[in-house]
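Here is a brief tour for a newcomer. Take a look at the chain, then read on.

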Amino acid sequence: MSPDELQNLLDIATEAALAAGAVLQSYWGKLEDIQEKGRPGDLVTEADKAAEAAILDVLRRHVPTHGILTEESGSLGESSSEYLWVIDPLDGTTNYTHQYPFSATSIGLLINGVPQVGAIFDPFHNELFRAATGLGATRNRRPIQVSQTTELSKSLLVTGFAYDRHTTADNNYAEFCHLTHLTQGVRRDGSAALDISHVACGRLDGYWERGLSPWDIAAGIVVLLEAGGQITAYNGSAFELQSGRILATNGKIHSQLRDALKQVPPLSSWPSL
């Protein structure tokens, strides 16, 4: 695909992200319908649904034949299409319902199964992160790049906790504690799309998480890679979007973070408090 064609798709993603962001701003502090989707803490609101509708309107006007996968409505159109838009209209719904201003709209485009276009809009800090393969990554239209931190001990990391953390031992509580001891700190902000974006622009040095869905990270993957970052599976092997697990860094601490994750003692071995 030519750079001009990718730029056009990136502009469409941007239009959709900004439209959804305007919806999220309009519902801020005015929610009347907050529901759980079956797992504790996994919420959906009228803002999620209205933002999704705004995104779908943009995509259907510009690319009506493309497939769509969205968090709230699932698969729409031809899911086997060469072009598949992967959408989270409100990444950070729990934050949003509590009026904690750390949420975003995330819109990624897979071309033949590979993330190639991403637009992430944080309407509360008016920050637009976007990228397309070969075109670089930007924040508010200005180029961004990952940090220059080379030592894990001097890094600031971020992670998240899956919705099923209450019921499964396959969570990252032990990793969070272990890496807090090895670094300058680990943050937990509640939006995978923004976590990756903040690694991309150098505010953070690395991110890992499990229990993710494609719409959580598809857009962020493009942004981080185009900003010079590195993304793999936990063990350093090739990343798989459907795995739900990601290790994403500035590239300079990647092997150190990978090795540190391998060394985490099982949660069951930690002393009770």
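How many of the 273 residues of the protein chain, in percent, count as buried? The share is 53%. Keep in mind that this is a predicted model.

## Overall make-up

The protein chain holds 7 helices and 15 strands. Its accessible surface is about 11900 Å². Carbon and sulfur atoms account for 48% of that surface. Contacts also reach along the sequence. Taking those between residues at least 6 apart in sequence, 63% join residues at least 24 apart.

## The sheet of 8 strands

One open sheet has 8 strands. Their order is S4-S3-S5-S6-S7-S8-S9-S10, and the pairing is mixed. Strand S4 (74-76) and strand S10 (142-143) are the edge strands. Each of these two pairs on one side only.

Strand S8 (residues 127-132) deserves a closer look. Is it buried or exposed? All 6 of its 6 residues are buried, so S8 is largely enclosed by the rest of the structure. Both of its faces are covered. On one side sit Glu127, Phe129 and Ala131, and on the other Leu128, Arg130 and Ala132.

S8 has a partner on either hand. Strand S7 (residues 114-122) runs antiparallel to S8, with 6 bridges joining them. Phe121 has Leu128 in S8 as its bridge partner. The hairpin of S7 and S8 leaves 4 residues between the strands. There, Asn126 takes a positive phi near 50°.

Strand S9 (residues 136-139) also runs antiparallel to S8, joined by 4 bridges. Phe129 stands opposite Arg139 in S9. S8 and S9 form a hairpin with 3 residues between them. Gly134 in that turn has a positive phi of about 85°.

S9 then pairs with S10, again in the antiparallel sense, over 2 bridges. Here Thr138 stands opposite Pro143 in S10.

## Helices beside this sheet

Helix H2 (residues 46-62) lies across four strands: strand S3 (67-70), S4, strand S5 (83-91) and strand S6 (104-111). H2 runs at about 150° to S5.

Helix H1 (residues 3-27) has 25 residues. From its first C-alpha to its last, H1 reaches 36 Å, close to the 36 Å expected at 1.5 Å a residue. The buried residues of H1 include Leu6, Leu9, Leu10, Ile12, Val23 and Leu24. Small residues such as Ala13, Ala16, Ala17, Ala20 and Gly21 are among them too. What do the buried residues of H1 pack against? Their neighbours are H2, S5, helix H3 (93-97), S6, S7 and S8. After H1 comes Gly29, with a positive phi near 80°.

## The sheet of 5 strands

A second listing of strands gives an open sheet of 5, in the order S12-S11-S13-S15-S14. Its pairing is mixed. Strand S12 (186-188) and strand S14 (230-232) stand at the edges, each with a single partner strand, so one side of each is left without a neighbour in the sheet. Neighbouring strands here are turned by 20° against each other on average, direction ignored.

Within this sheet, strand S13 (residues 206-209) and strand S15 (residues 246-249) run antiparallel, joined by 4 bridges. Tyr207 stands opposite Ala248 in S15.

Helix H5 (residues 192-200) lies across strand S11 (157-159), S13 and S15. Helix H6 (residues 214-226) lies across S14 and S15.

The table gives the angle of each helix to one strand it lies across.

| Helix | Strand | Angle |
|---|---|---|
| H2 (residues 46-62) | S5 | about 150° |
| H5 (residues 192-200) | S13 | about 155° |
| H6 (residues 214-226) | S14 | about 135° |

## A closer look at H6

H6 has 13 residues and reaches 18 Å from its first C-alpha to its last. That is close to the 18 Å expected at 1.5 Å a residue. Where is the kink in H6 centred? The kink, of about 30°, is centred on Gly220.

Of the 13 residues of H6, 11 are buried, so the helix is largely enclosed by the rest of the structure. Among them are Pro214, Trp215, Asp216, Ile217 and Leu224. Gly220, the centre of the kink, is buried as well. H6 is followed by Gly228, whose phi is positive, near 100°.

Note on methods. Residues are numbered from 1 along each chain as its sequence is written. This is a predicted model: local features need pLDDT of at least 70, side-chain atom pairs count only at pLDDT 80 or more; totals for chains, interfaces and linings use all residues. Side-chain values use heavy atoms; hydrogens and water are left out. Two strands pair if DSSP finds at least two bridges between them. Axes are lines fitted to C-alpha atoms, for helices over the stretch in contact, and angles run from 0 to 180 degrees between N-to-C directions. Contact means heavy atoms within 4.5 Å. The expected span of a helix is 1.5 Å times one less than its number of residues. The bend at a residue is the angle between axes fitted to the seven residues ending there and the seven starting there. Buried means under 20% relative accessible area, exposed over 50%, partly exposed in between (1.4 Å probe, protein chains only). Accessible areas come from the Shrake-Rupley method with a 1.4 Å probe; for residues, only the protein chains shown count as cover.
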